[in-house]
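Trainee: I would like a close look at a single part of this model, one helix and whatever packs around it. Please take it piece by piece and then place it in the rest of the chain.

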Amino acid sequence: MILKNKQGGGGLWLLLLWLLAVVPASHAAEKLKVLTSFLPVYCFAANVAGEHAAVENFLPPGAGPHDYQFTPRDIRKLTDADVILISGLNMEGWLNKAIESSGSKKAGKVSELAAGLKKEQLIRDEHGISLGGKDDHDHSHGPNPHIWLDPQLAIHCVKNVEAALSKADPKNAANYAVNAKAYIARLEKLDADIAAMLTPVKGSAFVTFHNAFPYMVKRYGLKLAGVVEEVPEVQPSPRYLSKLLEVMRKSKTKVLFAEPQFPKKIAERIAADSGVPLGTLDTLETGDFKPGTYEEGMRRNAGTLQRYLK
């Protein structure tokens with residue numbers, strides 16, 4: 001009825017058009033801006049945030065953290081974010097300097113998802129092969145950072161995401177709590193499903209490319225015989241590879257797993273020398289930025305382990 005009023009209609013139409021054009025943009029601008037460091041952190045944040053916060057990942061799809069070159073736009077992402085979520089345990093060493101330079105840490109915007117984990121929940125970098133002497137790998141640099149590959153530790157991370165988002169955006173705290181509860185229920189089911197899948201293969205030995213899976217091994221009682229790269233991205237010595245082949249023979253290793261994030265050449269050579277099949281396990285550090293990617297990846301890894309180790 002008001003819009004039919006010819007005398008004041010023009011002004012009201014203009015007001016309505018302004019509201020349609022401006023108000024949605026204002027609402028979008030009011031959303032909490034959450035910046036995540038890499039894929040699992042993105043999945044945890046996206047599921048807790050739902051429609052109530054805007055979640056963006058720092059690295060573009062397909063880019064791994066190890067060879068990424070920073071640009072001025074990346075610094076803007078850090079300064080524009082209201083909350084920056086990282087996994088922690090020095091997993092994001094490549095990002096720490098940029099965070100310091102942007103002033104984000106000083107501003108209290110950075111939250112580590114590993115925060116609060118107890119000492120007994122963390123694993124030092126042990127992989128079952130010791131050469132002794134000068135070739136021994138230095139384990140003094142801290143806990144293994146690949147905590148997201150244990151769904152129960154992922155749940156710990158999700159709780160920290162909820163706390164960080166609720167602190168920065170109290171008006172949506174109840175919404176974040178509801179979303180976190182629903183996501184944690186899915187992760188509990190994921191954990192139970194994987195446990196059921198892997199129980200029959202607990203005693204079967206396997207080798208991975210680098211030491212990314214100790215939390216998954218511990219969680220499901222699996223048997224990791226060794227790793228190809230004792231130090232990530234460092235070519236193993238001939239002496240180490242000889243020892244690895246011996247360990248594989250003695251443990252009756254059933255499969256060697258390469259990773260999609262690394263070249264397969266050396267893994268293919270070891271698989272050929274040892275006569276074991278070569279499979280692929282995904283650390284989930286890269287992939288599609290969708291809320292369900294973490295769960296899909298964990299189920300895919302469990303299926304791969306089940307298939308090769310039975």
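Mentor: Helices H2 and H5 are oblique to each other, because their angle of about 55° falls outside the ranges that count as roughly parallel, roughly antiparallel or roughly perpendicular. Their axes lie 9 Å apart, and the crossing is right-handed. On the H2 side the contact is made by Phe 44, Ala 45, Val 48 and Ala 49. H5 contributes Ala 154, Cys 157, Val 158, Val 161, Glu 162 and Leu 165. The model is a predicted one, and these values are computed from its coordinates.

H2 covers residues 39-49, and H5 covers residues 151-168. How many of the eleven residues of H2 are buried? Eleven of the eleven are, so H2 is largely enclosed by the rest of the structure. The cut-off behind that statement is a relative accessible area under 20%. The buried set includes the contact residues Phe 44, Ala 45, Val 48 and Ala 49. It also includes Leu 39, Pro 40, Val 41, Tyr 42, Cys 43, Ala 46 and Asn 47.

What do the buried residues of H2 pack against? The partners are strands E1, E2 and E3 together with helices H5, H6 and H10. H6 spans 173-198 and H10 spans 293-309. Just after H2, Gly 50 takes a positive phi of about 55°.

Next, the strands under H2. H2 lies across E1, E2 and E3, and its direction makes about 170° with that of E2. That angle is over 145 degrees, so H2 and E2 count as roughly antiparallel. The three strands belong to an open sheet of four, ordered E2-E1-E3-E4, with parallel pairing. E2 (53-57) and E4 (110-112) stand at the edges with a single partner strand each, so one side of each has no neighbour in the sheet. From one strand to the next, the twist averages 25°.

Within this sheet, E1 (residues 32-36) pairs with strands on both sides. E1 and E2 are joined in the parallel sense over five bridges, and Lys 33 has Ala 54 in E2 as its bridge partner. E1 and E3 (residues 83-86) pair in the parallel sense over three bridges, where Thr 36 stands opposite Leu 85 in E3. Four of the five residues of E1 are buried, so E1 is largely enclosed by the rest of the structure.

Two of the helices that H2 packs against, H6 and H10, also contact each other. Their axes come within 10 Å and cross at roughly 5°, which makes H6 roughly parallel to H10. From H6, the contact uses Tyr 183, Arg 186, Leu 187, Lys 189, Leu 190, Asp 193, Ile 194, Met 197 and Leu 198. From H10, it uses Tyr 294, Glu 295, Met 298, Arg 299, Ala 302, Gly 303, Leu 305 and Gln 306.

H10 leads on to the other sheet. This is an open sheet of four strands in the order E6-E5-E7-E8, with parallel pairing. Its edge strands are E6 (223-229) and E8 (278-280), each pairing on one side only. Neighbouring strands are turned by 30° against each other on average, direction ignored. Three bridges join E7 (residues 255-258) to E8, and Leu 256 has Leu 278 in E8 as its bridge partner.

Two helices can be placed on this sheet. H9 (residues 265-274) lies across E5, E6, E7 and E8, running at about 175° to E7. H10 touches E5, E7 and E8, and its direction makes about 155° with that of E7. One residue of H10 is Thr 304. At 7% relative accessibility, Thr 304 counts as buried. Leaving out residues up to four places away in sequence, Thr 304 touches Phe 257, Thr 280 and Leu 281.

For the chain as a whole, there are ten helices and eight strands. Of the 310 residues, 47% count as buried. Among contacts with a separation of 6 or more, 65% come from residues 24 or more positions apart. The chain exposes about 15700 Å², of which carbon and sulfur atoms supply 56%.

Key:
Residues are numbered from 1 along each chain as its sequence is written. This is a predicted model: local features need pLDDT of at least 70, side-chain atom pairs count only at pLDDT 80 or more; totals for chains, interfaces and linings use all residues. Side-chain values use heavy atoms; hydrogens and water are left out. Buried means under 20% relative accessible area, exposed over 50%, partly exposed in between (1.4 Å probe, protein chains only). Contact means heavy atoms within 4.5 Å. Accessible areas come from the Shrake-Rupley method with a 1.4 Å probe; for residues, only the protein chains shown count as cover. Two strands pair if DSSP finds at least two bridges between them. Axes are lines fitted to C-alpha atoms, for helices over the stretch in contact, and angles run from 0 to 180 degrees between N-to-C directions. Angles under 35 degrees count as roughly parallel, over 145 as roughly antiparallel, 65 to 115 as roughly perpendicular and the rest as oblique. A crossing is left-handed if the near helix is turned anticlockwise from the far one by less than a right angle, and right-handed if clockwise.
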